[in-house]
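Me: I have a model open and want to learn how to read its features. Can we go through them one at a time?

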Amino acid sequence: MKKILYSALVAIVMIACQKYPEPERVVPSYALEDSLAAGWEIKTIEEFQMMNNSEVPYQVTEKYLMRGIVTADDESGNIYKSIYIQDETAGICLSLDQVNIYTYMPRGQEVIIEMQGMWLGKYLGAYQVGDSTTHFQYGYQMGRYDWTKELVKKHFYTNGYPDLTKVPEPKEIESAGEILSTDYGMLVKLKNVTFPDAEGGKLKSWSTSEQTENRKVVFADGSQIIVRTSGYSNFYADYIPEGVGTITGIVSVYNGTVQLYLRDRNDVGRFRIKE
């Protein structure tokens with residue numbers, strides 16, 4: 001009996017020690033040339049925005065492709081059920097009824113969208129790709145795309161591995177007056193700014209738990225916008241920096257109010273105390 005147990009143990013150890021080849025990593029790819037041969041046409045994000053400049057959703061019926069690099073995802077929790085992509089012409093929000101989108105489309109990932117059947121338009125001033133929604137109070141407006149529809153008809157494709165070096169350099173902004181409507185949805189860097197809420201020892205956090213709050217950010221010329229932060233983000237309790245410094249994020253608009261979304265705490269640069 002002991003010999004049988006010993007033999008079984010040896011066999012188990014040998015099996016456990018046996019090295020199996022690692023499975024080959026499959027690079028996500030989109031057959032772009034095949035799609036172009038089949039009649040699909042690439043449009044820039046700016047060209048898509050020009051198709052519909054209203055709050056009423058527009059459904060794309062043509063075989064058009066949208067292509068861009070993810071500049072902001074939802075990993076930190078500050079951006080919710082959406083990500084932002086950008087090409088050489090513009091940026092746009094992909095409004096998706098799904099959480100943890102970053103596990104599929106992280107920052108630096110190239111995304112190609114088959115836009116035929118998707119909806120396009122503005123939501124309270126900001127362009128987005130999503131779905132149509134009819135609400136008894138608000139009427140026909142842009143809504144989030146139901147991600148379960150991807151199981152029936154796929155629209156979103158990743159192409160290659162995510163590469164942070166592909167994320168476009170942010171546009172540098174030194175005055176609120178420099179922010180144009182064409183910048184909404186794009187990555188920007190606000191330079192030489194201060195947070196009045198943090199001055200004079202009045203240290204405040206970006207937000208409070210489970211609340212979304214605004215913090216005023218002021219440029220050197222006195223102009224200002226707001227930084228909007230979710231109380232579900234993983235950095236909402238961080239202190240707002242004192243002094244003068246630089247912050248990076250996605251600039252957008254909500255019902256006429258220009259606002260910036262930090263992607264994570266690393267978007268807050270070094271601040272120096274004012275002389």
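Me: Which residues does Gln49 touch, not counting residues up to four places away in sequence?

Reply: First, a caution: this is a predicted model. Now the contacts. Gln49 touches Ala90, Gly91, Ile92 and Tyr127, once residues up to four places away in sequence are set aside. Gln49 itself is found in helix 3, residues 45-51.

Me: Is Gln49 buried or exposed?

Reply: Read the relative accessibility against the cut-off. Buried means under 20%. Gln49 has 9% relative accessibility, so it counts as buried.

Me: Which residues line the second largest pocket?

Reply: Gln49 is one of them. The others are Glu46, Asn53, Thr89, Ala90, Lys122, Gly125, Tyr127, Ser181, Thr182 and Tyr184. Ala90 and Tyr127 are also among the contacts of Gln49. The pocket has a volume of about 160 Å³. By class, its lining has three nonpolar, six polar and two charged residues.

Me: How many residues line the largest pocket, and which lie nearest its centre?

Reply: The lining has 37 residues. Nearest the centre lie Tyr80, Ser82, Tyr123, Arg144 and Tyr261. Several strands give two or more residues to this lining, among them strand 4 (82-86), strand 5 (91-97), strand 8 (126-135) and strand 9 (139-143). Strand 15 (224-230), strand 16 (245-254) and strand 17 (257-261) do too. The space inside is about 990 Å³.

Me: How does the lining of the largest pocket divide into nonpolar, polar and charged?

Reply: There are 15 nonpolar, 18 polar and four charged residues.

Me: Next, rings. How is a pair of aromatic rings described?

Reply: Use two values: the distance of the centres and the angle of the planes. This structure holds nine aromatic pairs. Take Phe48 and Tyr64. Their ring centres are 6.3 Å apart and their planes stand at 75°, so the pair is edge-to-face. The reasoning needs one cut-off: planes over 60 degrees apart count as edge-to-face.

Me: Where in the chain are Phe48 and Tyr64?

Reply: Phe48 is in helix 3, and Tyr64 is in strand 3, residues 64-72. They are 16 residues apart, and the pair links distant parts of the chain. Both Phe48 and Tyr64 are buried.

Me: What kind of pair do Phe195 and Phe271 form?

Reply: A tilted one. The distance is 6.1 Å centre to centre, with 35° between the planes. Phe195 lies in the loop between strand 13 (186-194) and strand 14 (212-219), and Phe271 in the segment after strand 17, so the pair ties together parts that are 76 residues apart in sequence. Phe195 is buried, as is Phe271.

Me: Which residues form an aromatic cluster?

Reply: Tyr104, Tyr145, Trp147 and Phe156 form one.

Me: Which charged end sits over the ring of Tyr64?

Reply: That of Lys43, 5.0 Å from the ring centre. Another case is Lys154. Its charged end sits over the ring of Tyr157, 5.1 Å from the centre.

Me: Now the backbone. What is phi of Lys81?

Reply: Look for positive values outside glycine. Phi of Lys81 is near 50°. Lys81 is in the loop between strand 3 and strand 4. Its relative accessible area is 17%, so Lys81 is buried. Asn192 also has a positive phi, about 55°, and is not a glycine. Asn192 lies in strand 13. At 30% relative accessibility, Asn192 counts as partly exposed.

Me: Where is Pro168, and which residues is Pro168 in contact with beyond four places in sequence?

Reply: Pro168 is in the loop between strand 11 (156-158) and strand 12 (171-173). Its contacts are Thr71, Gln86 and Leu187, leaving aside neighbours within four places. Its relative accessibility of 21% makes Pro168 partly exposed. As for separation, the C-alpha atoms of Pro168 and Val188 are 9.8 Å apart, with these positions 20 residues apart along the chain as the offset.

Me: Is Gly121 buried or exposed?

Reply: Gly121 counts as buried, at 0% relative accessibility. Gly121 lies in strand 7, residues 119-123. Beyond four places in sequence, Gly121 is in contact with Asn52, Ser54, Ala126, Tyr127, Gln128 and Met142.

How values were computed. Residues are numbered from 1 along each chain as its sequence is written. This is a predicted model: local features need pLDDT of at least 70, side-chain atom pairs count only at pLDDT 80 or more; totals for chains, interfaces and linings use all residues. Side-chain values use heavy atoms; hydrogens and water are left out. On a 1 Å grid over the protein atoms alone, a cavity is a set of points where a 1.4 Å probe fits but cannot get out, and a pocket is an open set with protein on both sides within 12 Å along at least five of seven lines; lining residues have an atom within 4 Å of a point. Grid points are joined across faces, edges and corners, and a volume is the space filled by probe spheres set on the points. Helices (H or I, at least four residues) and strands (E, at least two) are DSSP runs, numbered from the N terminus. Ala, Val, Leu, Ile, Met, Phe, Trp, Tyr, Cys and Pro count as nonpolar, Asp, Glu, Lys and Arg as charged, and the others, Gly among them, as polar. Buried means under 20% relative accessible area, exposed over 50%, partly exposed in between (1.4 Å probe, protein chains only). Contact means heavy atoms within 4.5 Å. Rings of Phe, Tyr and Trp (its six-membered ring) pair if their centres lie within 6.5 Å; planes under 30 degrees apart count as stacked, over 60 as edge-to-face and the rest as tilted. A charge sits over a ring if NZ of Lys or CZ of Arg is within 6 Å of the ring centre and within 35 degrees of the ring normal.
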